[in-house]
Amino acid sequence: MPYRVPSRAELQDGTARMTSISIQSVSKSYGAVSVLKGLDLAIGDGEFVSFLGPSGCGKSTLLFCIAGLEEITQGRIMFDDRDVSGLAPRDRNIALVFQDYALYPHMSVRDNLAFPLRQQKVADGLVRKQVDWAAGLLGLEPLLDRSPAELSGGQRQRVAVGRAIVRNPAALLMDEPLSNLDASLRVKTRTEIKRLQRALKTTVVFVTHDQEEAMVLSDRVAVMNDGVLQQFAEPMTIYRQPANLFVAGFIGSPQMNFLAGPDVPGGQGSNRIVGVRPFDLSPAGATGDGFRLTGELALIEPAGPVHYLDVQVGETMIKGTCADPSGLAPGAAMTLEAPGHCLHVFDRDTGLRLAT
Ligand code: ADP
Ligand code: MG
């Protein structure tokens, strides 16, 4: 039995679009190759969740499983309290936005926006109303009679989003939708997407390999590696309390420093790895009871709001930051200090975060 398609009345007042998504012990294999390995995730109604991880870790595959474009090998996927695991994509009432926007090139913007509604055989008057609503929301009114070829990359992206939301989907699934845009447009467009989602309160699942994009957009981020969920939490929880070494190294730029073995002060022979973020590590003052590392200053890198300081500590090159590097010179001895509460301690064998 198909997932409920919204009635015309619901389309008009927008009440059809609330859905929670529950992914339960989902595995996916292609032949002998296991791509998703027993994932559990509960995405709330109206929540903005990102799937974040390196290329090839299974983000798109999981998104396609939610959409019904890929069949799952094990487990089940629930929309609210309905098992949709066996349903065809068209029966799930979700909308997808891909990296290549796949607009119909021979249709105007207006007809591109109207297409999903026409397919649903929605009456002309309501099609017009919904298209005007989406166009207004996304600032597309002046472009309605153009063809996709006459649009910029950012405008095409907005039309793709408009086409996805025009029929009030229960959930909006986006697979790296910003990666074809240049850097400044990406930042502008992601802000638009976040504002749009706040206004619509639609459940959004957003796939990206860009940790900053995931952090700024999401209510919660699901960090994945090699088909396994690493951590699912609010952005600042993932930043401040990464659950394991993988998450610690993947989140934050520049990357967290890691010290092992003899380079951990007092940590000789220990099975602990200590992590500290460059932004928590700055030149030590005359007094202080923080975590200190001493080495030779190798390089000063100006980066605008801060300068990065590369300090050779034993075998490890450590990156710290400072606002004003005057008086510092490469080749000199340098002590960096971080407040004790900024240290992250991990078990070297399991990679898991240890209580500090
Ligand atoms: P991501 O979106 O995180 O970059 P994908 O979900 O696209 O990763 O792919 C995850 C893994 O599954 C990759 O190793 C990829 O090669 C593999 N894969 C994806 N689709 C297929 C397929 N149709 N057949 C075999 N392997 C596939
Ligand atoms: Mg992908």
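## A walk through a two-domain model

Arg 76 is partly exposed, with a relative accessible area of 37%. I'd like to start there, with one residue, and then step back to the whole chain. Before I go on, please keep in mind that this is a predicted model.

So, where does Arg 76 sit? It belongs to strand S4, which covers residues 74–79. Which residues does Arg 76 contact, once we set aside its neighbours within four places in sequence? They are Ser 22, Ile 23, Gln 24, Val 26, Asp 83 and Ser 85. Take Gln 24 from that list. Arg 76 and Gln 24 are 52 residues apart along the chain, yet 5.3 Å separates their C-alpha atoms.

Right beside Gln 24 in the numbering is Ser 25, a residue of strand S1, which runs over residues 21–30. Ser 25 has a positive phi, near 45°, and it isn't a glycine. As a reminder, most residues other than glycine have a negative phi, and most peptide bonds are trans. Like Arg 76, which is partly exposed, Ser 25 is partly exposed, at a relative accessible area of 41%.

Now the wider view. The protein chain has nine helices and 18 strands. Along the principal axes, its C-alpha atoms fill a box of roughly 75 × 45 × 35 Å. There are 356 residues, and 51% of them are buried. If you look at contacts with a separation of 6 or more, 66% are between residues 24 or more positions apart. The chain exposes about 16,200 Å², with 51% of that coming from carbon and sulfur atoms. For charges, we have 35 positive and 39 negative, and their mean positions are 7 Å apart.

The chain is assigned two domains: domain 1 spans 8–242 and domain 2 spans 254–354. How far apart are their C-alpha centres? The answer is 39 Å. And what do the domains share? Five residues of domain 1 are in contact with five residues of domain 2. The size of an interface is often given as the accessible area lost when the parts come together. Here, domain 1 and domain 2 bury about 390 Å² between them, and 51% of that is on carbon and sulfur atoms.

Let me show you the start of domain 2, which is at residue 254. Ser 253 and Pro 254 are joined by a cis peptide bond, with omega about -5°. Pro 254 lies in the loop that runs between helix H9 (245–250) and strand S11 (257–260).

Back in domain 1, which spans 8–242, let's visit some helices. Helix H2, residues 59–67, is largely enclosed by the rest of the structure, because eight of its nine residues are buried. Among them are Leu 62, Leu 63, Phe 64 and Ile 66, and Lys 59 is on the buried list too. Just after H2 comes Gly 68, with a positive phi of about 90°.

Helix H3 covers residues 109–119, and its buried residues include Val 109, Leu 113 and Leu 117. After H3 comes Lys 121, which also has a positive phi, near 60°. Another lysine to point out is Lys 201, whose phi is positive at about 60°. You'll find Lys 201 in the loop between helix H6 (183–200) and strand S8 (203–208). Is Lys 201 buried or exposed? It is exposed, with a relative accessible area of 51%.

Next, Pro 235 in helix H8, residues 235–240. Pro 235 counts as buried because its relative accessibility is 10%, and the cut-off for buried is under 20%. Leaving out residues up to four places away in sequence, Pro 235 touches Met 215, Ser 218, Asp 219, Arg 220 and Val 221. Its C-alpha is 7.9 Å from that of Ala 214, which is 21 residues away in sequence.

My last stop is in domain 2, which spans 254–354. Leu 281 sits in the loop between strand S12 (272–276) and strand S13 (282–283). How accessible is Leu 281? Its relative accessibility is 0%, so Leu 281 counts as buried. Residues touching Leu 281, beyond four places in sequence, include Asn 257, Val 276, Leu 293, Ile 318 and Leu 336. Finally, compare Leu 281 with Pro 142: they are 139 residues apart along the chain, and their C-alpha atoms are separated by 50 Å.

Thanks, everyone!

Definitions and conventions: Residues numbered from 1 in each chain as written. Chains lettered and ligands numbered in written order. Predicted model: local features only at pLDDT ≥ 70, side-chain atom pairs only at ≥ 80, totals over all residues. Heavy atoms only, no water. Helix = DSSP H or I, 4+ residues; strand = E, 2+ residues; numbered from the N terminus. Buried < 20%, exposed > 50% of the residue type's maximum accessible area, 1.4 Å probe, protein only. Contact = heavy atoms within 4.5 Å. Areas by Shrake-Rupley, 256 points an atom, 1.4 Å probe, with all protein chains shown as cover. Lys, Arg positive; Asp, Glu negative; His and termini not counted. Charge placed at Lys NZ, Arg CZ, Asp CG, Glu CD. Domains from an automatic or database assignment. Buried area = accessible area lost by both parts, 1.4 Å probe.
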